[in-house]
Amino acid sequence: MRPGVSGTVLDARTGAPVAGAAVSVAPVRGDDPVGTATTVTDGSFRVPPRRQWGVYIVPGDVFALPFTLSVQHDGYQQAVVQFAHRAMGDGTTTNFGVVRIESLTK
């Protein structure tokens, strides 16, 4: 089970869309990313949710699990946002709205 995420990446200074930014979603405990995407020309991205069924009940089905959303692009500082995700019920996709990333050049 992985959460879905969506949003738009903009340059923090100019407000311009940032195309080609790498977006990844990973558990806070440091596991490999469970979903990735690349922003398109208008800066938007979408990582669809995916449910995996197993024999065991995972704690995430009952309790909110912490994840991080990471945005990276050459010439920008990495942006990391932590969020909680519940595996069941509403909110299988988290919309981050606008994520602003800082340019390394002033």
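A residue counts as buried when its relative accessible area is under 20%. The model on screen is predicted, and the tour below applies that cut-off at its first stop.

**Ser103**

Select Ser103, in the segment that follows β7 (93-101). Its relative accessible area is 11%, so Ser103 is buried. Display the side chain and look for Thr105: the side chain of Ser103 reaches the backbone oxygen of Thr105 at 3.1 Å. Next, show the surroundings of Ser103. With neighbours within four places in sequence set aside, Ser103 is in contact with Asp11, Gly75 and Tyr76.

**The four-stranded sheet**

Switch to a cartoon view and pick out β3, β2, β5 and β6, in that order: they form an open sheet of four strands with antiparallel pairing. At the edges are β3 and β6 (79-85), each pairing on one side only. On average, neighbouring strands of this sheet are turned by 20° against each other, direction ignored.

**Strand β2 and its partners**

Select residues 22-27, which make up strand β2. Five of the six residues of β2 are buried, so the strand is largely enclosed by the rest of the structure.

Now add β3, which pairs with β2 in the antiparallel sense over four bridges. Two of the partners can be checked by eye: Ala22 is bridged to Thr38 in β3, and Ser24 to Thr36 in β3.

Turn to β5 (residues 65-72), joined to β2 by six bridges, again with the strands running antiparallel. Here Val25 stands opposite Leu69 of β5.

**The two faces of β3**

Which residues of β3 lie on the covered face, and which on the uncovered one? Select residues 35-38 and colour them individually. Gly35 and Ala37 are on the covered face of β3, while Thr36 and Thr38 are on the uncovered face. In a regular strand, side chains alternate between the two faces of the sheet.

**The nonpolar core**

Finish with the largest nonpolar core, which has 18 residues. Show Val5, Phe45, Leu69, Val71, Phe83 and Ile101 as sticks; these have the most contacts inside the core. At least two core residues come from each of β1 (4-11), β2, β4 (44-47), β5, β6 and β7. Leu69, already seen opposite Val25, is thus met again here.

Centre on Val71 for the last view. Apart from neighbours within four places in sequence, Val71 is in contact with Val9, Ala21, Ala22, Val23, Gln77, Gln78, Ala79, Val99 and Ile101. Of these contacts, Ala22 was visited earlier as the bridge partner of Thr38. In soluble globular proteins, nonpolar side chains tend to be buried together.

Key. Residues are numbered from 1 along each chain as its sequence is written. This is a predicted model: local features need pLDDT of at least 70, side-chain atom pairs count only at pLDDT 80 or more; totals for chains, interfaces and linings use all residues. Side-chain values use heavy atoms; hydrogens and water are left out. Buried means under 20% relative accessible area, exposed over 50%, partly exposed in between (1.4 Å probe, protein chains only). Two strands pair if DSSP finds at least two bridges between them. A polar contact is a pair of N or O atoms within 3.5 Å; within protein, one must be able to donate a hydrogen and the other to accept it, and residues adjacent in sequence count only if both atoms are side-chain atoms. Contact means heavy atoms within 4.5 Å. Axes are lines fitted to C-alpha atoms, for helices over the stretch in contact, and angles run from 0 to 180 degrees between N-to-C directions. A nonpolar core is a set of buried Ala, Val, Leu, Ile, Met, Phe, Trp, Tyr and Cys residues joined through side-chain atoms within 4.5 Å.
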